[in-house]
Amino acid sequence: MKIDQNKVVELTYELVVEGKLTDKATQERPLDYIQGTSMLLPEFEKNLEGKEPGDRFEFTLNPEEGYGTVDPNMVLDLPKSAFAVEGVVREELLVVGNVIPMLSNIGTVVQGTVREIKDDVVTMDFNHPLAGKVLNFSGTVLTVREATEKELNEGLHGEYLPPEEGHHCCHKKGGCHKNEGEGCCHGDGEGHGEGCCHGEGKGHEGCHCHKED
């Protein structure tokens with residue numbers, strides 16, 4: 001069976017950026033997704049169209065095809081009070097380079113990277129960590145099958161369901177390559193820590209940090 005619209009695909013991959021292995025999905029922990037449902041980068045899916053189980057793939061995506069170019073407007077100064085839980089600032093989260101998941105004012109999960117910590121302000125970069133980077137993918141298609149009606153309606157892992165019924169973010173066995181503004185992506189099956197800020201105003205200015213259960 002070939003990869004096309006509404007097929008459930010399971011694959012391994014390696015992502016190399018600037019000569020370094022950045023992400024991967026193995027046979028033990030493969031990536032699975034439904035083709036053509038905007039779960040992954042469009043150009044990633046386009047390069048897999050028509051492939052079958054056992055086929056190898058190797059392709060390169062430029063920044064425009066991947067996570068876009070770096071946008072300086074996505075670098076924001078947030079008050080330290082935004083990272084407080086019950087009045088106490090979560091200092092353990094405020095480490096340069098730490099990635100903190102946040103909810104935007106429209107309810108989508110975005111990843112912010114701590115760039116600088118000042119006395120009362122934290123500089124957060126909401127550009128995707130791979131923005132401006134050339135992405136080199138290689139891997140193997142493992143399985144291809146038809147998606148069920150339930151999977152098409154609810155998502156492969158229940159990601160289309162309301163948070164109280166399903167998962168708040170897309171969960172992958174191996175990783176997830178889509179724009180962070182469209183949902184949360186867990187690389188290699190790992191989360192992004194305990195901190196999560198929930199925006200209550202415009203942009204990220206009113207976010208408040210809390211510990212997830």
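Strands, like helices, are taken here as DSSP runs numbered from the N terminus, a strand having at least two residues; in this predicted model, strand 10 is the run of residues 121-125, and Thr123 lies within it. The secondary structure of the chain as a whole comes to two helices and 13 strands. Of the 213 residues in the chain, 43% are buried, and the chain exposes about 11000 Å², of which carbon and sulfur atoms supply 48%. Among the contacts between residues at least 6 apart in sequence, 64% join residues at least 24 apart.

Strand 1, which spans residues 7-17, is mostly covered, with nine of its eleven residues buried, and its pairing with other strands can be described partner by partner. With strand 11 (135-146), strand 1 runs antiparallel and is joined to it by ten bridges; within this pairing, Tyr13 has Gly139 of strand 11 as its bridge partner. Strand 3 (31-34) also pairs with strand 1 in the antiparallel sense, over four bridges, and here Leu11 is matched with Leu31 as its bridge partner in strand 3. A further antiparallel pairing, over five bridges, connects strand 1 with strand 2 (residues 20-25), where Val17 stands opposite Lys20. Strand 1 and strand 2 form a hairpin with two residues between them, and in the turn Glu18 has a positive phi of about 50 degrees.

Thr12 is placed in strand 1, and its contacts reach beyond that strand. Apart from neighbours within four places in sequence, Thr12 is in contact with Ala25, Thr26 and Gln27, with Phe57, and with Ser138, Gly139, Thr140 and Leu142. Because its relative accessible area is 12%, below the 20% under which a residue counts as buried, Thr12 is classed as buried.

The largest nonpolar core has 27 residues, and those with the most contacts inside it are Leu11, Tyr13, Tyr33, Phe44, Leu48, Leu135 and Phe137. Strand 1, strand 3, helix 1, strand 4 and strand 11 each supply at least two residues of this core, with the largest share, six residues, coming from strand 1. A second core, separate from the one just described, has twelve residues, among them Leu93, Val122, Met124 and Phe126.

Aromatic residues were examined next. The structure holds six aromatic pairs, one of which is formed by Phe44 and Phe59 in an edge-to-face arrangement, at 5.6 Å centre to centre and with 75 degrees between the planes. This pair links distant parts of the chain, since Phe44 lies in helix 1 (residues 42-48) and Phe59 in strand 4 (residues 56-61), 15 residues apart. The pair is assigned as edge-to-face because the angle of 75 degrees between its planes is over 60. Both members are covered: Phe44 is buried, with a relative accessible area of 0%, and Phe59 counts as buried at 8% relative accessibility. Phe44 and Phe59 also belong, together with Tyr13, Phe57 and Phe137, to one aromatic cluster.

In strand 10, Thr123 counts as buried at 9% relative accessibility. The side chains of Thr123 and Asp77 are joined by a polar contact of 2.7 Å. When neighbours within four places in sequence are left aside, the residues in contact with Thr123 are Val75, Leu76 and Asp77, together with Thr113, Val114, Arg115, Glu116 and Lys118.

Tyr160, by comparison, is found in the loop between helix 2 (149-154) and strand 12 (195-198). With a relative accessible area of 39%, Tyr160 is partly exposed, because this value lies between the 20% limit for buried residues and the 50% limit for exposed ones. Leaving aside neighbours within four places in sequence, Tyr160 is in contact with Thr37 and Met39, and with Glu151, Leu152, Asn153, Glu154 and Gly155.

Conventions:
Residues are numbered from 1 along each chain as its sequence is written. This is a predicted model: local features need pLDDT of at least 70, side-chain atom pairs count only at pLDDT 80 or more; totals for chains, interfaces and linings use all residues. Side-chain values use heavy atoms; hydrogens and water are left out. Buried means under 20% relative accessible area, exposed over 50%, partly exposed in between (1.4 Å probe, protein chains only). Contact means heavy atoms within 4.5 Å. A polar contact is a pair of N or O atoms within 3.5 Å; within protein, one must be able to donate a hydrogen and the other to accept it, and residues adjacent in sequence count only if both atoms are side-chain atoms. Accessible areas come from the Shrake-Rupley method with a 1.4 Å probe; for residues, only the protein chains shown count as cover. Rings of Phe, Tyr and Trp (its six-membered ring) pair if their centres lie within 6.5 Å; planes under 30 degrees apart count as stacked, over 60 as edge-to-face and the rest as tilted. A nonpolar core is a set of buried Ala, Val, Leu, Ile, Met, Phe, Trp, Tyr and Cys residues joined through side-chain atoms within 4.5 Å. Two strands pair if DSSP finds at least two bridges between them.
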